[in-house]
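Trainee: I have a model open on my screen and would like a close look at one part of it. Could you walk me through the region around the disulfide, after a word on the whole chain?

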Amino acid sequence: MNRRLRDSLRVLPAAIALAAAGTAVAAPAQAAGAPSARAALSAPRAANPYERGPAPTESSVTAEKGPFAVEKIDVPQGSGTGFNKGTIYAPTDTSQGTFGAIAVSPGFVSPQAWIDWYGPRLASQGFVVMTLETLSLLNAPDERADQLLAALDYMTTKSKAASRIDTSRLAVMGHSMGGGGTLRAAQKRPTLRAAVPLAPWHLERDWSAVRVPTMVMGADNDFIAAVGMHAEPFYQSIAAAPEKAYLELKNAGHMTFNTPNATIAKYAISWMKRFVDDDTRYDKFLCPAPAPSAAISEYRDTCPNGAAAQPAA
């Protein structure tokens with residue numbers, strides 16, 4: 001194992017445990033990319049066959065439950081290859097057609113339970129979602145990347161929800177080292193439609209090869225994956241993706257992403273809807289860029305047409 005990675009792994013468990021303890025005391029304040037992504041953001045489109053659910057509103061994208069009833073499907077160990085086990089959350093109403101699929105990875109020394117809130121939250125908005133229990137709590141980011149991709153392969157071929165999934169509309173998401181794995185997975189599989197790394201941690205700094213629409217989320221008080229060393233330079237290095245965004249939560253820490261949060265949900269849902277479903281109805285939440293607020297410290301993006309917005313004051 002790389003010496004820098006080994007030395008970093010030694011200190012992460014204690015830091016994560018400390019952050020988790022702090023989270024229990026102080027809850028957060030708020031509960032191969034599409035080739036036409038740039039053009040679609042700036043021009044009206046014909047009726048979209050991938051739209052799922054009613055037109056979104058501020059209340060619908062921040063709600064704990066979306067318009068779709070969801071089935072929970074256990075994925076026991078040994079169900080597939082390349083990953084450990086997990087849970088699939090899938091809409092039960094298939095009258096509108098198939099759905100995009102998202103695989104979600106937890107972070108270093110973090111169980112699936114710490115990221116399981118993303119499953120029903122995203123699925124109820126019209127996605128098939130699998131939250132993972134990694135092969136080892138100590139898996140490095142690149143190992144988590146392989147597991148995310150293996151989970152997508154299982155979801156689309158062997159899972160009980162396979163018939164509900166459009167195999168051309170897949171995405172990845174993850175927290176901490178799972179966020180680093182999300183970036184690597186997007187780099188390895190450019191046919192993915194979207195990636196959302198949450199407080200990503202990785203020793204790699206250059207993600208210029210990523211060609212998947214990517215929203216990087218960070219937290220201003222993160223001392224495990226400090227935004228100045230991780231999320232910000234990761235975002236800045238993404239040069240080949242058709243669209244990208246950087247969201248920095250205000251008064252938030254590394255473990256904020258492990259607790260239901262309306263701001264995280266709003267922008268993750270909007271990004272996935274916009275690029276997995278090509279649903280321009282969600283443009284209004286992403287472009288123009290949201291202003292700094294009680295929940296957002298900073299937001300940057302490439303909307304419209306790749307013209308990067310200036311960092312918020």
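To begin with the whole chain, what does the accessible surface of the protein chain come to, and what percentage of it belongs to carbon and sulfur atoms?

Mentor: Happy to. Keep in mind that this is a predicted model. The accessible surface of the protein chain comes to about 11,900 Å², and carbon and sulfur atoms account for 55% of that. Of the 313 residues in the chain, 58% are buried. The fold is made of eight helices and nine strands.

Now to your part. The structure holds one disulfide, and Cys 287 and Cys 303 are the pair that form it, with their sulfur atoms 1.8 Å apart. Cys 287 sits in the loop between helix H8 (262-276) and strand E9 (296-301), while Cys 303 is in the segment after E9, so the bond ties together parts that lie 16 residues apart in sequence. The torsion about the S-S bond is about -80°, which means that the disulfide is left-handed. How covered is each partner? Cys 287 is partly exposed because its relative accessible area is 22%, and buried means under 20%. Cys 303, at 12% relative accessibility, does count as buried.

Step back along the chain and you reach H8, the helix before the loop that holds Cys 287. H8 has 15 residues and spans 20 Å from its first C-alpha to its last, close to the 21 Å expected at 1.5 Å a residue. The helix is mostly covered, with 15 of its 15 residues buried. Both of its ends have a detail to look at. At the start of H8, a side-chain oxygen of Asn 261 comes to within 2.9 Å of the backbone nitrogen of Thr 263. Just after H8, Asp 278 takes a positive phi of about 55°.

Finally, a word on confidence. The mean pLDDT of the chain is 88, and 82% of its residues reach 70 or more. Beyond Cys 303, though, pLDDT stays under 50 over residues 306-313, where the model has 16 contacts beyond four places in sequence. Residues 21-46 also stay under 50, and there the model has 52 such contacts. Where pLDDT is low, the predicted coordinates should not be read in detail. As you trace the chain onward from the disulfide, please treat residues 306-313 with that caution, given their pLDDT under 50.

How values were computed: Residues are numbered from 1 along each chain as its sequence is written. This is a predicted model: local features need pLDDT of at least 70, side-chain atom pairs count only at pLDDT 80 or more; totals for chains, interfaces and linings use all residues. Side-chain values use heavy atoms; hydrogens and water are left out. Helices (H or I, at least four residues) and strands (E, at least two) are DSSP runs, numbered from the N terminus. Buried means under 20% relative accessible area, exposed over 50%, partly exposed in between (1.4 Å probe, protein chains only). Accessible areas come from the Shrake-Rupley method with a 1.4 Å probe; for residues, only the protein chains shown count as cover. A disulfide is a pair of cysteine sulfur atoms within 2.5 Å. pLDDT is the predictor's confidence in each residue, from 0 to 100. Contact means heavy atoms within 4.5 Å. The expected span of a helix is 1.5 Å times one less than its number of residues. A polar contact is a pair of N or O atoms within 3.5 Å; within protein, one must be able to donate a hydrogen and the other to accept it, and residues adjacent in sequence count only if both atoms are side-chain atoms.
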